Amino acid sequence: MIIVRKTEDLKKVLKKRRGEKIGFIPTMGDLHEGHLSLIRRSKKENDLTVLSIFVNPAQFDRNDDYEKYRRNEKSDLKKAGTEKVDLVFIPTAEEIYPKDFRSWVTVEGLSENLCGKFRADHFRGVATVVLKLFNLIQPANSYFGMKDFQQYKIIERMVLDLNLPVKIIPCPIIREKNGLALSSRNSCLSTAEKHRAAKIYSALQSVAHLIKSGRKVSKTLLLKIFKKQLHPEKSDRIEYLEFLEPDSLLPAKKFHPPLLIAAAVWIGGTRLIDNILMKEDSSCLF
Ligand code: AMP
């Protein structure tokens, strides 16, 4: 496994492998089974698998959140090695954003609602870094988890709008046995908080089942069901529970599939997101 930290070195390594089909997985590190599922898919579908590990300052709205984001390079490299990743790119912030950096990518219409409403400039930071990484790595395929559904849709739109020669491949959400979606942020949770966090998924499922039943429902009723199942403590807070058309990410006109049910919940001091995609035939991509 080759490890590079400088863009110039990355270019040199990739030049030697010209002609090979590249699969690329952008991450912020602290790798877990969710990340590894993307790597495994890339290994199956490409000649060369490239992983990036970069805690992107431009997508954090709070400096303390950026500072405390868990960095775990040694363990990440061990995991990447076990998965036989071919090349790992671990740039510094200065390498990606040199002093005079001025150019940003905004995907309008998809970035402002859901997480965008609560995290200013978050998706501008995501789209910009992903575009830069695509330009540097020039992958044929790039893999994104549907846990960050809005992020996946924004990148898919950016690729279409800017004619980027890369295929965006959405991958299913990997969960713990109790339903909790794997996330690097889960390590911030205490045992009791983890237990409460696992209920986000069962609460989403309850809401999905009610919609699937065909009963007449309202957002107020669905939010009530969600809250009842979640059973939040005083320190917890539902930031949003939204029902959206999966392609446009606009609020759904009716509670009928295809439908994205997306939630952001604070469990104590940790913000977690999760979603369920209800497909046209009412089956759910859990
Ligand atoms: P992150 O390191 O959190 O920026 O995530 C890097 C990639 O891994 C993104 O495409 C995420 O959507 C994906 N990912 C994170 N958690 C999961 C999960 N539980 N299941 C599947 N993909 C995930």
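Helix 7, a run of 16 residues in this predicted model, reaches 23 Å from its first C-alpha to its last, close to the 22 Å expected at 1.5 Å a residue, where the expected span is 1.5 Å times one less than the number of residues. The helices (H or I, at least four residues) and strands (E, at least two) named here are DSSP runs, numbered from the N terminus. Residues are numbered from 1 along each chain as its sequence is written. Because the model is predicted, local features need pLDDT of at least 70 and side-chain atom pairs count only at pLDDT 80 or more, while totals for chains, interfaces and linings use all residues, and side-chain values use heavy atoms, with hydrogens and water left out.

**Helix 7 and its ends**

- Of the 16 residues of helix 7, 13 are buried, so the helix is largely enclosed by the rest of the structure; buried means under 20% relative accessible area, exposed over 50%, and partly exposed in between, with a 1.4 Å probe and protein chains only.
- Leu 131, which lies in helix 7, is itself buried at a relative accessible area of 16%, and its C-alpha is 8.4 Å from that of Met 158, although 27 residues separate the two in sequence.
- Asp 121 lies in the loop between helix 6 (115-118) and helix 7 (122-137), where it takes a positive phi of about 65 degrees although it is not a glycine, and it is partly exposed, with a relative accessible area of 48%.
- Just after helix 7, Gln 138 also has a positive phi, in this case of about 50 degrees.

**The ligand and its surroundings**

- The ligand sits in the largest cavity; on a 1 Å grid over the protein atoms alone, a cavity is a set of points where a 1.4 Å probe fits but cannot get out, and a molecule sits in it if more than half of its atoms lie within 2 Å of its grid points.
- The ligand is surrounded by 16 residues, of which the closest are Met 28, His 35, Asp 148, Ile 174 and Leu 182; a residue is counted as near if one of its heavy atoms lies within 4 Å of the molecule.
- Strand 2 (22-27), helix 2 (33-45) and strand 5 (141-145) each supply at least two residues of this shell, and helix 2 gives the most, with three.
- Oxygen atoms of the ligand take part in two of the listed pairs: one oxygen atom is 2.6 Å from an N or O atom in the side chain of Asp 148, and an oxygen atom lies 2.9 Å from a backbone N or O atom of Met 28.
- A nitrogen atom of the ligand is 2.9 Å from a polar backbone atom of Ile 174, and the ligand, which exposes 490 Å² when taken alone, has 93% of that area buried by the protein, with accessible areas computed by the Shrake-Rupley method with a 1.4 Å probe.

**The loop between strand 7 and strand 8**

- Pro 258 has its place in the loop between strand 7 (237-244) and strand 8 (259-267), and a cis peptide bond with omega of about 0 degrees joins Pro 257 and Pro 258.
- Leu 249 is found in the loop between strand 7 and strand 8, has a positive phi of about 60 degrees although it is not a glycine, and counts as buried at 0% relative accessibility.
- Ser 248 lies in the loop between strand 7 and strand 8 and is partly exposed, with a relative accessible area of 23%.
- The side chain of Ser 248 makes a polar contact of 3.1 Å with the side chain of Glu 245 and reaches the backbone nitrogen of Leu 250 at 3.1 Å; a polar contact is a pair of N or O atoms within 3.5 Å, and within protein one must be able to donate a hydrogen and the other to accept it, while residues adjacent in sequence count only if both atoms are side-chain atoms.
- Ser 248 and Asp 161 are 87 residues apart in sequence and 14 Å apart in space, C-alpha to C-alpha.

**Polar contacts of buried strand residues**

- Thr 27 lies in strand 2 and is buried, with a relative accessible area of 8%; a polar atom of its side chain is 2.8 Å from the backbone oxygen of Ser 52.
- Arg 271, found in strand 9 (residues 270-278), is buried at a relative accessible area of 13%, and its side chain is joined to that of Glu 239 by a polar contact of 2.8 Å.

Conventions: 1 Å grid on protein atoms, 1.4 Å probe; cavity = no way out; pocket = protein on both sides within 12 Å on 5 of 7 lines; lining within 4 Å.
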